[in-house]
Each structure stands twice: as C-alpha cells, then as structure tokens.
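Visitor: I'm new here. Could you walk me through this one and tell me how the labels are earned?
Guide: Sure, let's look together.

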Amino acid sequence: MILNLDGLTLAGLAATDETTVTTLPIATTAYSNRTVLRVPILVTAGDVLDITAQMQITNDTGKVIGTGLHLLVYDVDIVPVIPVADRPWTEIAPLTADNCPPDRHHMPLATSAIWPVPADWPADHRVMVVLQAAAFRSSTPGGETVRVDQGYDLLTVRRYTPTT
C-alpha cells in the first residue's frame with residue numbers, strides 16, 4: 001500500500017508501555033500468540049492509524065528460540081457484546097520473526113503498520129490495537145518460556161484524520 005499523508009492531520013495519540021505478560025511459552029509453532037501490549041483509540045471511518053511497536057525478550061533456555069510478533073485490531077465496542085477471543089480480529093502487520101540463540105540472550109523486536117480505518121467502521125467505536133508475540137522452536141519445548149523484558153516494550157498509535 002502506498003500512503004501519502006497529504007490531506008491528513010494528526011488528531012490523536014495513544015501509547016502504552018504496560019506489558020500484559022511477563023513470559024512467552026515456547027511452542028512448536030509460531031501461532032501460539034500472546035497479547036503483549038494493547039491500546040484502545042476512538043476512530044472514525046476514513047482515519048489512518050500509524051502504529052509502531054517494540055518489545056524485548058530474554059532467552060535463558062540455552063537453545064535457539066524463534067520469536068515473532070505482529071499487529072492486530074478489533075472493535076472494542078462491538079454489538080452485541082461478545083468475548084474478545086470470539087470477535088473478528090484483523091491482522092494489520094504480518095508476523096515478523098527472528099531467532100535468538102543462547103549467545104545473543106536478549107533480543108529486541110520491532111514492527112509497524114499503517115492501517116486505514118475501513119469506510120464501514122461503526123460510528124463512535126474504538127479500535128483496540130494489539131501487539132501479539134509468540135516464542136517457538138522445532139523440537140518439543142517441554143514447558144519452557146522466554147522472558148518478556150519489562151521496561152523495553154512500547155506500543156504507539158498516531159491517529160490521522162482527513163483535513164476538512
């Protein structure tokens with residue numbers, strides 16, 4: 001997607017460094033995602049969100065561990081109210097992953113996305129922007145985890161609206 005910010009005005013900013021997990025269980029697939037950071041923001045159809053996210057893990061397992069993250073959104077104010085896990089989630093940035101060998105030990109990860117709010121977005125509904133991450137390796141992990149390092153995580157959402 002090519003996006004030009006001409007005709008858009010910065011209308012809001014939401015950010016959080018309040019990490020929701022302290023560890024990621026190591027699985028045999030990259031699809032064992034856990035929510036690491038999330039922030040709600042009121043949007044209107046036609047808005048554009050510019051999203052950046054970063055986190056860091058520590059690998060104390062002695063083995064090479066893959067860690068991936070991606071950005072998703074869902075409607076906070078969906079009606080009728082249904083559990084968050086059952087809501088429609090939209091992936092707005094593909095899985096970004098890297099391997100963390102034991103000698104690397106700490107691994108920062110970052111991702112970003114530009115998300116145009118769909119034309120059919122309901123009026124007065126907030127979007128929840130979510131950073132999810134997973135830790136994985138090809139051999140059976142046996143209950144191991146990697147640490148999500150506190151103080152290194154940040155999710156920032158800039159909301160742009162069409163200039164009138």
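**Pocket and salt bridges**

Guide: This is a predicted model. In the largest pocket, the largest share of the lining, three residues, comes from strand S5 (residues 65–75).

Visitor: What makes up the lining by residue type: nonpolar, polar and charged?
Guide: The lining divides into eight nonpolar residues, one polar and two charged. Among the lining residues are Val73, Trp115 and Asp120. About 160 Å³ of space lies in this pocket.

Visitor: Why is arginine 137 called buried?
Guide: Buried means under 20% relative accessible area. Arginine 137 has 9%, so the label buried fits. Its place is in the loop between strand S8 (126–136) and strand S9 (145–148).

Visitor: How do you know that arginine 137 forms a salt bridge with glutamate 144?
Guide: The closest N and O atoms are 2.4 Å apart. The cut-off is within 4 Å, so the pair counts as a salt bridge.

Visitor: And what makes lysine 63 and glutamate 144 a salt bridge?
Guide: Their side chains meet at 3.4 Å, N to O, and that is within 4 Å, so the pair qualifies. Lysine 63 lies in the loop between strand S4 (48–58) and S5, and glutamate 144 in the loop between S8 and S9, so the pair ties together parts that are 81 residues apart in sequence.

Visitor: Why is lysine 63 called partly exposed?
Guide: Partly exposed sits between under 20% and over 50%. Lysine 63 has 37%, so the label partly exposed applies.

Visitor: How many salt bridges does the structure hold?
Guide: Seven.

Methods
Residues numbered from 1 in each chain as written. Predicted model: local features only at pLDDT ≥ 70, side-chain atom pairs only at ≥ 80, totals over all residues. Heavy atoms only, no water. 1 Å grid on protein atoms, 1.4 Å probe; cavity = no way out; pocket = protein on both sides within 12 Å on 5 of 7 lines; lining within 4 Å. Points joined across faces, edges and corners; volume = space filled by probe spheres on them. Helix = DSSP H or I, 4+ residues; strand = E, 2+ residues; numbered from the N terminus. Nonpolar A, V, L, I, M, F, W, Y, C, P; charged D, E, K, R; others polar. Buried < 20%, exposed > 50% of the residue type's maximum accessible area, 1.4 Å probe, protein only.
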